[in-house]
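Hi,

Here is the structure I promised to pass on. Have a look at it first, and my notes follow underneath.

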Amino acid sequence: MIFTGKGRTRFRDAVAGFETAVRQGDGERAQQAMQDVQRHFEHARDADLAEVGPRLAALLATVPPGPRALVAVLVGACVERGADPGGCAPQIFQGLVEAVGVAQEFCERWAATGGGDFPEPDPAALTEAALERVGQDAAVGWITLPQWEMASNAMLNHHVVRTTLPPEVRLGLLRALHEIREASGHEFKCLRYALVVLDDEPLLVLHRPTGTGYLLRMTGIGDNFQLHTLLADVLIGGGHVPGQAPSAQEAAVCRDAPGQVPTTGAFNLVNPSGEWVWNEGTPTDIPVVDGIRVLVLDPAPYRRGWPAGRFFPGMTGDLVLERVLGADEAGERLGRCAPPK
């Protein structure tokens, strides 16, 4: 206990020393203080981390680009331990936008200087020859993008951040990530998936075998594996359609319980024009028809199993039934849908 108490004091002292060094522009002292912050992080109390997270976030704009990404990761870790995500997110996303922009420059310079296979976004993969091709700044933007992805996902785990992130920021990041993916082949999938998570989103589900329809609302669902399991829980488990419902644990790990458990698919997910909606995708793959996302459930063509759980373990997900459609309304909606292809 004495060691732990000292560790907590040392953590607070290290953070204060880092703040002072950054504000004084003393890079060497800032580097040493950051090493101390990392060394004592695990011994810090959650209350200390909750207080320190916004302080570190406020320093991000004044920290040089390389170590800035490391500080962003620490801010994310503080948020995971209780720091206010809404208070930390603006600085994190400002840094992310800048880092993504510089990573785009890296891709452009790489193509302009001969192209070829892109190095991994990792310091160990960046050779001196690669640095000469693209320049130090572009290289730093490239190799630190995974750290910005990690920090940003820690923010996007929270409903308040997802629902207050300006649409133009979200769309700009998605466009830039698409360009980076097209140029380099590197997906940064976790960040892309986190940026397209839907919250308080209506979903019209039509169950073709029974001719029934359901209006649901989804929040915080990271991929269609998670959505599929929750659909089976709500509709089969709720007694609305026949089939084998997921166990209580299978459904719980898709909402807020930790871990993963094996499950089996109950449906085939199809869009109104007949194309399959793949479990590997996200709910944004479900098309909007007349102002609402519409999904058709057909019988599973073969047995499919996967680990039930959440694509983002730190993100709470949910799917709730709001209304059962009347028979005429469900029939009319299903009449507009094409058979599966």
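On charges, the chain carries 30 positive and 42 negative side chains, and the centres of the two sets are 4 Å apart. Lys and Arg count as positive here and Asp and Glu as negative, with His and the chain ends not counted; each charge is placed at NZ of Lys, CZ of Arg, CG of Asp or CD of Glu.

Before you go further: this is a predicted model, where local features need pLDDT of at least 70 and side-chain atom pairs count only at pLDDT 80 or more, while totals for chains, interfaces and linings use all residues. Residues are numbered from 1 along each chain as its sequence is written, and side-chain values use heavy atoms, leaving out hydrogens and water.

Overall picture: the chain has 14 helices and eight strands (DSSP runs numbered from the N terminus, H or I of at least four residues for helices, E of at least two for strands). The C-alpha trace spans about 70 × 60 × 35 Å along its principal axes. Of the 341 residues, 48% are buried (buried is under 20% relative accessible area, exposed is over 50%, partly exposed is in between, with a 1.4 Å probe and protein chains only). The accessible surface is about 15700 Å², and carbon and sulfur atoms account for 54% of that (Shrake-Rupley method, 1.4 Å probe; for residues, only the protein chains shown count as cover). Taking contacts between residues at least 6 apart in sequence, 74% join residues at least 24 apart (contact means heavy atoms within 4.5 Å).

Now the cores. A nonpolar core is a set of buried Ala, Val, Leu, Ile, Met, Phe, Trp, Tyr and Cys residues joined through side-chain atoms within 4.5 Å. The largest one has 67 residues, and F18, F93, W142, L145 and M155 touch the most other members. Helix 5 (residues 85-112) gives the largest share of this core, eleven residues. Another core lies apart from it, with 26 residues, among them L231, A232, I236 and V277. Back in the largest core, M155 has contacts beyond four places in sequence that include V75, C88, I92, F93 and V161.

Strand 1 (residues 201-207) is worth a look. Six of its seven residues are buried, so strand 1 is largely enclosed by the rest of the structure. Strand 1 runs antiparallel to strand 2 (residues 212-219), joined by seven bridges (strands pair if DSSP finds at least two bridges between them), and H207 stands opposite T212. The two form a hairpin with four residues between them, and G211 in the turn has a positive phi of about 70 degrees. Strand 1 also pairs with strand 6 (residues 292-299), in the parallel sense over five bridges; there, L203 has R293 as its bridge partner.

Three single residues to finish:

- N279 sits in the loop between strand 4 (267-270) and strand 5 (288-289). N279 is buried, at a relative accessible area of 5%, and its contacts beyond four places in sequence include D223, H228, R304 and W306.
- P307 is in strand 7 (residues 305-308) and is partly exposed, at 49%. Outside its neighbours within four places, P307 is in contact with Q260, V261 and P262.
- E80, in helix 4 (residues 65-80), is exposed at 59%. The C-alpha atoms of E80 and V296 are 37 Å apart, with their positions 216 residues apart along the chain.

Cheers
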